[in-house]
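Work through the exercises below with the sequence and the model side by side. Each task is followed by a worked solution.

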Amino acid sequence: DGEGVIERIRELQGVKAAILISPRGTGLKISSRTQPGTVSAADILKEFGGGGHKYAAGLQINENIEQTAEKVLCRFEEELNKL
């Protein structure tokens, strides 16, 4: 169960964002959690067609894992670098 894993990662000291990307059927499932007071996981994943709550969001997408992972991780990094 990836949900439990991502919550544990977010709880680690110094972690501002946790992102879990896993194969799901012919596509991907992306789960993200961010620390309160940092970036909005929902706003970032909304750009890719996902949604959720400010600090907990997800996305299911039928795209290449490497390209999608790079795009999503870059967006999180861009937003985190603004802090």
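Two strands pair if DSSP finds at least two bridges between them; strands (E, at least two residues) and helices (H or I, at least four) are DSSP runs, numbered from the N terminus. The model is predicted, so local features need pLDDT of at least 70 and side-chain atom pairs count only at pLDDT 80 or more, while totals for chains, interfaces and linings use all residues. Residues are numbered from 1 along each chain as its sequence is written, and side-chain values use heavy atoms, with hydrogens and water left out.

**Exercise 1. Lay out the fold**

Task: list the elements of the protein chain from the N terminus on, and state how the strands pair.

Solution.
- Step 1. The chain has 3 helices and 4 strands, in the order α-β-β-α-β-β-α.
- Step 2. Strand β1 (residues 17-24) runs antiparallel to strand β2 (residues 27-34), with 8 bridges between them. Ile 19 has Ser 32 of β2 as its bridge partner. The two strands form a hairpin with 2 residues between them, and Gly 25 in the turn has a positive phi of about 60°.
- Step 3. β2 is also joined to β4 by 6 bridges, again antiparallel; here Arg 33 stands opposite Ala 56.
- Step 4. β3 pairs with β4 in the antiparallel sense over 3 bridges. Gly 51 is opposite Gly 58 of β4, and a hairpin of 2 residues joins β3 to β4.

**Exercise 2. Read the faces of a strand**

Task: which side chains of strand β4 (residues 56-61) are buried, and which are not?

Solution.
- Step 1. Fix the classes: buried means under 20% relative accessible area, exposed over 50%, and partly exposed in between (1.4 Å probe, protein chains only).
- Step 2. In a regular strand, side chains alternate between the two faces of the sheet.
- Step 3. In β4, Ala 57, Leu 59 and Ile 61 point to one face and are buried. Ala 56, Gly 58 and Gln 60 point to the other face and are not buried.
- Step 4. For the whole chain, buried residues make up 33% of the 83 residues.

**Exercise 3. Trace the salt bridges**

Task: what parts of the chain do the salt bridges of Glu 7 and Glu 47 tie together?

Solution.
- Step 1. A salt bridge is a side-chain nitrogen of Lys or Arg within 4 Å of a carboxyl oxygen of Asp or Glu. The structure holds 6 of them.
- Step 2. Glu 7 meets Arg 10 at 2.9 Å, N to O. Both lie in helix α1, 3 residues apart, so about one helical turn separates them.
- Step 3. Glu 7 also meets Arg 33, at 2.8 Å, N to O. Because Glu 7 is in helix α1 and Arg 33 in strand β2, this pair ties together parts 26 residues apart in sequence.
- Step 4. Compare the burial: Glu 7 is partly exposed at 25% relative accessibility, Arg 10 is buried at 17%, and Arg 33 is buried at 9%.
- Step 5. Glu 47 sits in the loop between α2 (41-46) and β3 (51-53). Arg 75 forms a salt bridge with Glu 47, the closest N and O atoms being 2.7 Å apart. Arg 75 belongs to helix α3 (residues 65-81), so the pair ties that helix to the loop across 28 residues of sequence.
- Step 6. Arg 75 is buried at 17% relative accessibility, whereas Glu 47 is partly exposed at 47%. Glu 47, Arg 75, Glu 78, Glu 79 and Lys 82 are linked in a network of salt bridges.
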